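Good morning, and thank you for coming. Please look at the sequence and the structure before I begin.

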Amino acid sequence: MNRRGLILSVLALGVAGFGGATWFATRPGPVVEAEPVAPELAEAMIRPYSPILGPAQAPVTIVEFFDPACEACRAFHPIVKDIMAEHGDAVRVVIRYTPFHGVASEEAIRVLEAARMQDIYVPVLEAVLREQPRWASHGAPAPGLILQIAATAGLDAEAARTQMLAPDVVAILNQDRADVETVGIRQTPTFFVNGKPLDPFGEAELRRLVAAEVAAAQS
């Protein structure tokens with residue numbers, strides 16, 4: 001083999017090796033079957049009062065530990081809605097409040113609970129998340145805006161001011177805080193699907209886990 005041929009052969013082997021290494025590094029990882037949470041944690045996952053989006057009797061339950069002031073929660077909201085639309089009556093979402101961003105988070109939760117009392121939870125949730133950059137700026141939060149924003153979605157703001165302070169709302173906040181600690185939630189959003197934690201975290205992984213649970217429920 002002449003010198004030119006030798007060089008070309010070495011380059012070809014190098015490219016092939018690089019391509020193989022790249023495929024190995026980026027190939028889809030194996031789907032690992034997640035184990036459900038321990039039985040002693042099951043009660044802390046869902047409470048009878050927890051807000052439910054979707055059919056109450058759906059066979060697949062996504063539990064979302066959710067902070068209305070969390071940017072990642074806002075980003076995942078349309079993804080969760082799309083998953084629900086894709087699977088129809090097979091999927092419901094249970095919201096667990098996780099007020100990790102202080103006063104703004106807590107006020108938003110209180111507004112959402114007032115909206116639930118007024119039977120307009122979903123429209124207010126959509127408005128609060130859509131306008132989150134206005135009221136939940138981590139540099140200069142403006143929680144006083146939340147009630148005004150909710151009013152644009154149909155909330156009776158005058159009634160809400162009283163409802164936000166109701167003992168039941170205080171009890172929900174306190175119990176959800178306790179459950180967040182019990183389950184060991186450290187970031188939002190955190191998802192569980194039929195009690196199985198989403199690990200690793202990501203949109204593709206959430207879609208895959210939900211689809212697997214839907215298929216199992218329908219088999």
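Let me start with a question: which residue stands opposite Val 193 in E4? Ile 62 stands opposite Val 193 in E4.

Before I go on, a word on the source. This is a predicted model, in which local features need pLDDT of at least 70 and side-chain atom pairs count only at pLDDT 80 or more, while totals for chains, interfaces and linings use all residues. Residues are numbered from 1 along each chain as its sequence is written, and side-chain values use heavy atoms, with hydrogens and water left out.

I turn to the overall picture. The secondary structure comes to 10 helices and five strands; helices (H or I, at least four residues) and strands (E, at least two) are DSSP runs, numbered from the N terminus. Of the 219 residues of the protein, 42% count as buried. Buried means under 20% relative accessible area, exposed means over 50%, and partly exposed lies in between, with a 1.4 Å probe and protein chains only. Among the contacts with a separation of 6 or more, 79% come from residues 24 or more positions apart; a contact means heavy atoms within 4.5 Å.

Now the sheet. Five strands form an open sheet in the order E1-E3-E2-E4-E5, and the pairing is mixed. The edge strands are E1 (52-53) and E5, each of which pairs on one side only. Two strands pair if DSSP finds at least two bridges between them. At one edge, E1 and E3 run antiparallel and are joined by two bridges; Ile 52 has Val 94 in E3 as its bridge partner. Further along, E2 and E4 pair in the antiparallel sense over four bridges.

At the other edge, two bridges join E4 to E5, and these strands also run antiparallel. Here Val 193 stands opposite Lys 196 in E5. E4 and E5 form a hairpin with two residues between them. Asn 194, in the turn, has a positive phi of about 50° and is partly exposed, with a relative accessible area of 27%.

How are the two faces of E4 placed, covered or uncovered? Both are covered: Thr 190 and Phe 192 on one side, and Phe 191 and Val 193 on the other, are all buried.

One of the elements that lie over this sheet deserves attention, namely H10. Strands E2 (60-66), E3 (91-97), E4 (190-193) and E5 (196-197), together with helix H3 (71-87), are among what covers the buried residues of H10. In H10, these buried residues are Leu 206, Leu 209, Val 210, Glu 213 and Val 214. They cover an arc of only 135° around the axis, which puts them on the same side of H10; the arc is that of the directions from the helix axis to the C-beta atoms. An α-helix has 3.6 residues a turn, so residues three or four places apart point the same way. As for its length, the 16 residues of H10 (residues 203-218) should span 22 Å at 1.5 Å a residue, and the end C-alpha atoms are 23 Å apart, which agrees. The expected span is 1.5 Å times one less than the number of residues.

Next, the empty spaces. On a 1 Å grid over the protein atoms alone, a cavity is a set of points where a 1.4 Å probe fits but cannot get out, and a pocket is an open set with protein on both sides within 12 Å along at least five of seven lines; lining residues have an atom within 4 Å of a point. Grid points are joined across faces, edges and corners, and a volume is the space filled by probe spheres set on the points.

How many cavities of 30 Å³ or more does the structure hold? The structure holds one. The largest cavity has a volume of about 50 Å³, and H3 gives the most to its lining, with four residues. The second largest pocket has a volume of about 160 Å³. E4 provides the largest share of the lining of this pocket, three residues. Pro 189 is also one of the lining residues of the second largest pocket.

Pro 189 leads to my last topic, the backbone. Thr 188 and Pro 189 are joined by a cis peptide bond, with omega about -5°, and Pro 189 is found in the loop between H9 (167-183) and E4. A second cis bond runs from Asp 199 to Pro 200, with omega near 10°; Pro 200 lies in the loop between E5 and H10. Asp 119 has a positive phi, near 65°, and is exposed, with a relative accessible area of 68%. Most residues other than glycine have a negative phi, and most peptide bonds are trans.

Thank you for your attention.
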